[in-house]
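Please open the model in your viewer and keep the selection panel at hand. The tour below goes from one selection to the next and says what is found at each stop.

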Amino acid sequence: MSGSPFLRLPGAVDTTGSGVPAHYGSPLAEQRALVEGGAIVDLSDRSVLTVTGPDRLSWLNSLTSQALTGLAPGESSETLLLDVTGRVEHAARVVDDGETTWLLVDRPEADGLRSWLDSMRFMLRVEVADRTDDLATIGTLGDPPLPIAAPNGVPLIWHDPWHAVTAGGHQYARGKHPGADWSWSERLVPRDALPSIVARVESGELAVAGTLAADALRIAAWRPRFSTEVDERTIPHELDWLRTAVHLSKGCYRGQETVAKVHNLGHPPRRLVMLHLDGSEGVHPERGAVVSLDGREVGTVTSTALHYELGPIALAVVKRGTDPAATLTVEADGTAVAAAQEVVVPPEAGAEAAVPRLPRLGAVTRTPRG
């Protein structure tokens with residue numbers, strides 16, 4: 001895919017090689033523009049898959065972690081494809097228009113997810129297609145005027161459900177959740193409309209923000225993303241993803257046994273934290289930086305940002321037993337940066353079932369003598 005037309009805007013810089021602007025010269029001001037609700041973020045490097053056919057929702061429901069059978073036209077959801085051990089293999093943002101289910105995914109996922117879905121069609125009345133060449137994704141925290149695609153009469157807008165725990169979900173985080181104010185949406189527009197949208201930015205009709213600004217606000221909302229927070233060992237519990245991407249009482253799907261077992265009887269082996277980083281050294285850790293406690297490695301940074309109010313922050317996945325009150329250190333350019341934890345998933349997460357302790361088989365219950 002060639003670079004986005006947004007890259008022709010003044011100050012646009014693609015620092016990640018994704019083909020879309022990471023910023024336009026002022027990432028902190030761009031965060032403010034997003035929070036104020038008018039700015040848009042070019043996410044045209046993302047992919048769009050579709051599933052059509054009368055069996056589409058029941059089929060996806062049987063394969064993935066979320067309950068999708070009753071998804072109404074225009075309603076948004078998200079779901080995970082797990083392996084047999086419950087580890088996350090794919091994540092998809094889902095919206096249905098009554099005739100087609102639209103799956104919004106990060107570009108590196110698209111081919112693998114489409115191939116796997118194709119392999120699971122069997123005799124069901126479903127068809128999987130890649131519509132990335134036709135439609136581009138625009139992100140926003142507001143409701144800017146855009147030429148939103150609506151091929152079946154329903155505007156293709158995915159509203160992130162992260163602002164609340166969805167039906168059938170569960171939250172491990174305690175207290176007031178920063179995601180409660182998260183109003184993120186992703187809007188599909190015809191790809192050939194991107195130049196006209198850019199022209200409206202140039203005329204001052206629309207404001208823009210780069211992906212760095214969007215990521216900083218996402219991190220502050222404790223919002224996990226597949227392409228950053230997930231590795232080959234991730235299970236949904238570690239990221240508090242049971243909030244919105246898992247339905248705990250739906251029918252069977254691959255990986256369900258692990259999901260239920262960890263949630264009801266065990267504990268996730270790792271947990272997500274947000275880190276407030278010491279900025280006095282003038283260095284900033286990168287994704288993948290080692291997180292340590294008393295010289296021992298306890299985790300890895302998954303996302304980092306400079307927030308317009310909070311300063312340098314990061315999401316990290318650490319070992320479950322890591323003391324939540326301890327100050328951690330993060331490696332950055334050979335410097336140990338101090339990092340205070342903000343607990344997202346507490347160490348005691350899981351074991352939610354009130355299972356009575358049964359007497360050991362064969363044990364003798366003795367009655368005290370009166």
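How many of the ten residues of H5 are buried? In this predicted model, select helix H5 (211–220) and colour by accessibility: nine of its ten residues are buried, so the helix is largely enclosed by the rest of the structure. The buried residues of H5 are Thr211, Ala213, Ala214, Asp215, Ala216, Leu217, Arg218, Ile219 and Ala220. Just after the helix, stop at Trp222, whose phi is positive, at about 60°.

Next, turn to the packing of nonpolar side chains. The largest nonpolar core has 51 residues, and those with the most contacts inside it are Leu34, Leu80, Trp102, Trp184 and Trp241. Several elements supply at least two residues each to this core, including helix H1 (27–35), strand E1 (39–42), strand E3 (76–82) and strand E14 (311–319), while the largest share, six residues, comes from H5. Select Leu34 and display its surroundings: leaving aside neighbours within four places in sequence, Leu34 is in contact with Ala39, Val41, Thr140, Leu141, Ala209, Ala213, Ala214 and Leu217. Apart from this core lies another one, of 19 residues, among them Leu49, Val51, Ala92 and Leu117.

Now show the strands as ribbons and look for an open sheet of five strands, which follow the order E8-E9-E7-E1-E10 with mixed pairing. Strand E8 (157–159) and strand E10 (207–209) stand at its edges, each with a single partner strand, so one side of each is left without a neighbour in the sheet. From one strand to the next, the twist averages 35°. At the E8 edge, select strand E9 (residues 185–190) together with E8: the two run antiparallel and are joined by three bridges. To place one residue pair on the screen, pick Trp158, whose bridge partner in E9 is Glu186.

For the last stop, move to the loop between helix H6 (226–229) and helix H7 (256–264), where His247 is found. Is this residue buried or exposed? At 15% relative accessibility, His247 counts as buried, because the cut-off for that class is under 20%. Leaving out residues up to four places away in sequence, His247 touches Ser65, Gln66, Ala67, Ala167, Gly168 and Tyr253. Within the loop, add Ser249 to the selection and draw a distance: the backbone nitrogen of Ser249 lies 3.2 Å from a polar atom of the His247 side chain.

Methods
Residues are numbered from 1 along each chain as its sequence is written. This is a predicted model: local features need pLDDT of at least 70, side-chain atom pairs count only at pLDDT 80 or more; totals for chains, interfaces and linings use all residues. Side-chain values use heavy atoms; hydrogens and water are left out. Helices (H or I, at least four residues) and strands (E, at least two) are DSSP runs, numbered from the N terminus. Buried means under 20% relative accessible area, exposed over 50%, partly exposed in between (1.4 Å probe, protein chains only). A polar contact is a pair of N or O atoms within 3.5 Å; within protein, one must be able to donate a hydrogen and the other to accept it, and residues adjacent in sequence count only if both atoms are side-chain atoms. Contact means heavy atoms within 4.5 Å. A nonpolar core is a set of buried Ala, Val, Leu, Ile, Met, Phe, Trp, Tyr and Cys residues joined through side-chain atoms within 4.5 Å. Two strands pair if DSSP finds at least two bridges between them. Axes are lines fitted to C-alpha atoms, for helices over the stretch in contact, and angles run from 0 to 180 degrees between N-to-C directions.
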